[in-house]
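Dear colleague,

Please find below the structure that I am handing over to you. My notes on what was found in it follow directly after.

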Amino acid sequence: MDRLRGQLIVAGTASGAVLYATQPLSFWGGYDAASGRITDTHHPLAGETAAGMALVLPATRGSSTTTAVLLEAIRRETAPAALITRGVDAFLALACVVGQEMYGRSPVLVCVGEDEFRSLAEWPGLEVEEGALTRRER
């Protein structure tokens, strides 16, 4: 599958290498807004930099502080270019909407079904446009 469709939550276009995980991520204490690095040492993506990437996660873990951390990353321009989740994540959506209002930018946010989510594990990169995800080489 080289193209799939998801539910567009926050519009925009983006492209980037795929960072894929089957575990949710807590942005509070798990994402460094100053660098865009994943700092949760127990997460499979620990040490990876998500800034400018297509971050594919089932959901976030934790509280509404995810919104604050992601919003700070948007302000600092260290946020992922795209966020792809298995379902609508209210904390990510809120940060993206507020980022658009306050800074005129945010990651594109798309949610996909279970089968589409699993298929993204094999994608090296992707491009998002109007809710359509297209497989790309890095």
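Beyond its neighbours within four places in sequence, His43 is in contact with Ala21, Gln23, Pro24, Leu25 and Leu57. Please bear in mind throughout that the model is predicted. His43 belongs to the loop that runs between strand 5 and strand 6, and it counts as buried because its relative accessibility is 4%, under the 20% cut-off. A polar atom of the His43 side chain lies 3.0 Å from the backbone oxygen of Gln23.

Asp40 is placed in the loop between strand 5 (37-38) and strand 6 (54-56). With a relative accessibility of 10%, Asp40 counts as buried. Its side chain has two polar partners to report: the backbone nitrogen of His42, reached at 2.9 Å, and the side chain of Arg61, with which Asp40 makes a polar contact at 3.1 Å. Not counting residues up to four places away in sequence, Asp40 touches Leu25, Gly29, Gly30, Ala46 and Arg61.

Another buried acidic residue is Asp89, at 8% relative accessibility, in the loop between strand 7 and helix 2. The side chain of Asp89 makes a polar contact of 2.7 Å with the side chain of Thr60. Leaving aside neighbours within four places in sequence, Asp89 is in contact with Ala59 and Thr60. The C-alpha atoms of Asp89 and Leu109 are separated by 9.3 Å, the two residues being 20 residues apart along the chain.

Turning to the nonpolar interior, the largest core has 25 residues, and Phe27, Leu55 and Leu70 are those with the most contacts inside it. Strand 3 (13-20), helix 1 (65-76) and helix 2 (90-103) are the elements that give two or more residues to this core. A second, separate core has 16 residues, among them Leu4, Ala14, Val56 and Val110. As for Phe27, its contacts outside the four places on either side in sequence are Leu55, Leu57, Thr60, Thr66, Val69, Leu70 and Leu92.

Helix 1 has twelve residues, and the distance from its first C-alpha to its last is 17 Å, close to the 16 Å expected at 1.5 Å a residue. Which residues of helix 1 are buried? They are Thr66, Thr67, Val69, Leu70, Leu71, Ala73 and Ile74. The cover over the buried residues of helix 1 includes strand 4 (31-32), strand 7 (82-85) and helix 2. After helix 1 comes Glu77, which has a positive phi, near 65°.

Finally, the aromatic side chains. The structure holds two aromatic pairs. One of them is formed by Tyr20 and Phe117, and it is tilted, with 5.1 Å centre to centre and 40° between the planes. Why does this pair tie together parts that are 97 residues apart in sequence? Tyr20 lies in strand 3, whereas Phe117 lies in helix 3 (residues 114-119), so the pair links these parts. Phe117 counts as buried, at 1% relative accessibility. The charged end of Arg86 also sits over the ring of Phe117, 5.3 Å from its centre.

With kind regards

Key: Residues are numbered from 1 along each chain as its sequence is written. This is a predicted model: local features need pLDDT of at least 70, side-chain atom pairs count only at pLDDT 80 or more; totals for chains, interfaces and linings use all residues. Side-chain values use heavy atoms; hydrogens and water are left out. A nonpolar core is a set of buried Ala, Val, Leu, Ile, Met, Phe, Trp, Tyr and Cys residues joined through side-chain atoms within 4.5 Å. Buried means under 20% relative accessible area, exposed over 50%, partly exposed in between (1.4 Å probe, protein chains only). Helices (H or I, at least four residues) and strands (E, at least two) are DSSP runs, numbered from the N terminus. Contact means heavy atoms within 4.5 Å. A polar contact is a pair of N or O atoms within 3.5 Å; within protein, one must be able to donate a hydrogen and the other to accept it, and residues adjacent in sequence count only if both atoms are side-chain atoms. The expected span of a helix is 1.5 Å times one less than its number of residues. Rings of Phe, Tyr and Trp (its six-membered ring) pair if their centres lie within 6.5 Å; planes under 30 degrees apart count as stacked, over 60 as edge-to-face and the rest as tilted. A charge sits over a ring if NZ of Lys or CZ of Arg is within 6 Å of the ring centre and within 35 degrees of the ring normal.
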